[in-house]
Amino acid sequence: MSAYRRLHAGQASMTLRDIQSKYRAGERLTMLTCYDYASARLLDGLVDILLVGDSLANTMLGFDTTLPVTIEHMITYAASVRRGVQRSLVVVDMPFLSYQINPDDALRNAGRIMKETGCEAVKIEGGVAMAPTVEKLVAVGVPVMGHIGLTPQSVHALGGYRTQGRDEEAARRLKNDAEALADAGAFSIVLELVAPEAAAQITASLSIPTIGIGSGSGCSGQVQVLHDMLGMFPDRRFRHAKRYSETGEIIREAVAKYASDVREGRFPDP
Ligand code: KIV
């Protein structure tokens, strides 16, 4: 670790420059959501980027959509993640209506999130319409990740959780959105549920990385929701998510064994 790094030991060792270098070298980028300190300690360094996604609405708070999430929720969860991370870059979602009103309001809220969490970047949803906001944040040193395609904060306007960019016109609009965000200074863009051909075309047209979820293999990297890939909700399955473990079942078995040990007098042992 360099002297400068030691001096700023609170800072994650993965930087935006590292992300850009990996992208330029053709390495696929890895991102995973993370919402709490314990998980952050386990996941740190295994992926390039940990995203404190507003999907915590669903995974941590039990809401049906991401709309009820507040800045206070995001700050509490993101600060706990940040305390558990030394290596991965930590990006925080700005919640619904914390950045859409106007760029000044967005800057005030992004600044608060950065100051109170110590995280390295924010993510906002939207394309062309959000470009002036991205420009404003980037100009004062707030790194911004974009997010287009299925943008869950607009789920009602989009008419549900469905694939975007299926026809030529919709694909062209998404490409315009991506280019506007890149021109405004976004350092990468999430493509959520974008038709794979459109996602590959967008990725090829940009000089910043795209990070896909349910958008095929033509993106520069991939993101998954931690709880989906770990099987934390045994009864929930999504087409865009791959289960790498049945952690929900493992936890239930362990807790059932503990409870039966207590009931049967096997724990604590003499
Ligand atoms: O909130 C979230 O989990 C996200 C990912 C799906 C990219 O935005």
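Contact means that heavy atoms lie within 4.5 Å of each other; helices (H or I, at least four residues) and strands (E, at least two) are DSSP runs, numbered from the N terminus. This is a predicted model, in which local features need pLDDT of at least 70 and side-chain atom pairs count only at pLDDT 80 or more, while totals for chains, interfaces and linings use all residues. Residues are numbered from 1 along each chain as its sequence is written, and side-chain values use heavy atoms, with hydrogens and water left out.

**Exercise 1.** Find which residues of helix 2 are buried, and what covers them.

*Solution.* Begin with the term: buried means under 20% relative accessible area, exposed means over 50%, and partly exposed lies in between (1.4 Å probe, protein chains only). In helix 2, which spans residues 16-24, the residues Ile19, Gln20 and Tyr23 are buried. These residues cover an arc of only 95° around the axis, so they lie on the same side of helix 2; the arc is that of the directions from the helix axis to the C-beta atoms. Next, look at the cover, which includes strand 1 (29-33), strand 2 (49-52) and strand 3 (89-93). Finally, step past the end of helix 2 to Gly26, which follows the helix and has a positive phi, near 80°.

**Exercise 2.** Describe how enclosed strand 1 is, and name the strands with which it pairs.

*Solution.* Strand 1 is largely enclosed by the rest of the structure, because four of its five residues are buried. Two strands pair if DSSP finds at least two bridges between them. Strand 1 pairs in the parallel sense with strand 8 (residues 221-224) over four bridges, and there the bridge partner of Leu29 is Gly221. Strand 1 also pairs in the parallel sense with strand 2, over three bridges, where Met31 has Ile49 as its bridge partner. Between strand 1 and strand 2 the chain passes through helix 3 (residues 37-43), and this β-α-β crossover is right-handed, which is to say that, with the strands pointing away from the viewer, the path from the first strand over the helix to the second runs clockwise.

**Exercise 3.** Trace the order in which the eight strands close into a barrel, and examine one pair.

*Solution.* The eight strands close into a barrel in the order 1-2-3-4-5-6-7-8, with parallel pairing. From one strand to the next, the twist averages 25°; axes are lines fitted to C-alpha atoms, for helices over the stretch in contact, and angles run from 0 to 180 degrees between N-to-C directions. As the pair to examine, take strand 5 (residues 144-149) and strand 6 (residues 188-192), which pair in the parallel sense over five bridges, with Ile148 opposite Leu191 in strand 6.

**Exercise 4.** Compare the backbone of Leu97 with that of Leu193, and state whether each is buried or partly exposed.

*Solution.* Most residues other than glycine have a negative phi, and most peptide bonds are trans. Leu97, in the loop between strand 3 and helix 6, has a positive phi near 70°, and this residue is partly exposed, with a relative accessible area of 46%. Leu193 lies in the loop between strand 6 and helix 10 (196-205), and its phi is also positive, about 45°; at 12% relative accessibility, Leu193 counts as buried. For the peptide bond, turn to the segment after helix 12 (247-263), where Pro268 is placed: the bond from Phe267 to Pro268 is cis, with omega near -5°.
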